[in-house]
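The questions below take up one predicted model, and each answer works towards the value or name that was asked for.

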Amino acid sequence: MPVPILKQGGVLIASIQTAVTDQDLVQLQDDLADKVGRFRSGGVVIDVSALDVMDSFATRMLRNLAHTLKMRGATTVIAGIQPDVAFAMVELGLTLDGILTALDLEEGFDMVATPSREDDHGVG
Amino acid sequence: MSAEARVPIQRDGDIIAARQKGRDLAAEAGFRGSDLTLIATAISEIARNIIVFAQRGEVSLSLIEKAGKRGVLIVAEDHGPGIPDIEQAMRDGFSTGKSLGLGLPGARRLMDEFEIISQVGKGTVITMRKWTR
């Protein structure tokens with residue numbers, strides 16, 4: 001099942017809802033690389049809070065995805081890694097060096113949200 | 001109560017089925033919280049190993065008991081090309097390019113017992129156990 005992508009202002013939000021297959025993650029990378037260009041998005045939040053396992057493949061995919069989007073000029077935040085999942089990732093030796101992480105979707109969104117045009121007018 | 005499960009591994013979606021079965025069985029054995037995630041993650045790594053190197057195989061899961069302790073036994077078997085250099089494959093960071101090279105050594109760290117038997121041209125059998133504390 002493809003990962004749905006929502007557009008919220010200048011930010012794209014991808015909520016990984018269930019256990020995703022490898023193919024879904026490859027598809028997500030393609031979709032996001034395309035959409036950050038189409039919508040001129042400066043930030044992307046990947047919500048992984050529903051994932052009960054992040055193995056070496058999933059971690060590599062998310063890392064590659066964040067680096068790919070950076071090449072396209074967008075900042076990516078991985079949000080919502082669950083405590084048990086974080087623990088297992090550390091035991092496995094997996095890292096997300098150089099990649100932004102956030103406690104949850106809300107915090108991740110705040111990290112990459114850029115002021116909207118209305119805000120600019122408000123400040124004068 | 002199902003004390004045993006066999007999951008054929010033929011496509012990447014089967015990896016998810018294997019680790020969910022493993023999580024269910026581990027809960028039945030009495031594992032809790034983070035141990036369930038560690039077991040599911042180890043299963044994910046060895047099941048992926050089958051997909052990447054052998055294309056097809058099987059993961060079987062069962063409840064075990066020893067000296068009053070309960071545990072889970074996980075066996076991943078394939079008839080793929082085999083691993084020419086097991087010592088190298090078990091080293092952190094050794095990768096054939098399709099992963100981070102942490103799959104097998106990582107799975108070993110997550111479990112209590114880990115054995116790997118491989119014959120070039122015949123296939124690979126990985127046996128892992130974890131015991132409740």
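Q: Which residues of helix α4 (residues 103-110) of chain B are buried?
A: In this predicted model, a residue is taken as buried if 20 or more other C-beta atoms lie within 10 Å of its own. By that criterion the buried residues of α4 of chain B are B:Gly103, B:Leu104, B:Gly106, B:Ala107 and B:Leu110.

Q: Why do these buried residues fall on the same side of α4(B)?
A: What matters here is how the buried residues, B:Gly103, B:Leu104, B:Gly106, B:Ala107 and B:Leu110, are spread around the helix axis. They lie on the same side of α4(B) because the arc that they cover around the axis is only 160°.

Q: Which elements of chain A are included in what covers the buried residues of α4(B)?
A: The cover draws on both chains, and from chain B it includes α2, α3 (86-89), β4 (113-119) and β5 (123-131). From chain A, it includes α2 and α3.

Q: Which element gives the most to the side of chain A that touches chain B?
A: Between the chains, 19 residues of chain A are in contact with 21 residues of chain B. On the chain A side, two or more residues come from each of α1 (22-38), α2 (56-71) and α3 (83-92). With six residues, the element that gives the most is α3(A).

Q: Which helix provides the largest share of the largest nonpolar core?
A: This core holds 67 residues, and those touching the most other members include A:Val44, A:Ile46, B:Ile39 and B:Val59. Its largest share, ten residues, is provided by chain B, from helix α2 (residues 33-54).

Definitions and conventions. Residues are numbered from 1 along each chain as its sequence is written. Chains are lettered from A and ligands numbered from 1 in the order in which they are written. This is a predicted model: local features need pLDDT of at least 70, side-chain atom pairs count only at pLDDT 80 or more; totals for chains, interfaces and linings use all residues. Two residues are in contact if their C-beta atoms, placed from the backbone, lie within 7 Å. Helices (H or I, at least four residues) and strands (E, at least two) are DSSP runs, numbered from the N terminus. A nonpolar core is a set of buried Ala, Val, Leu, Ile, Met, Phe, Trp, Tyr and Cys residues joined through C-beta atoms within 7 Å. A residue is buried if 20 or more other C-beta atoms lie within 10 Å of its own, exposed if 12 or fewer, and partly exposed in between; C-beta atoms are placed from the backbone. The arc is that of the directions from the helix axis to the C-beta atoms.
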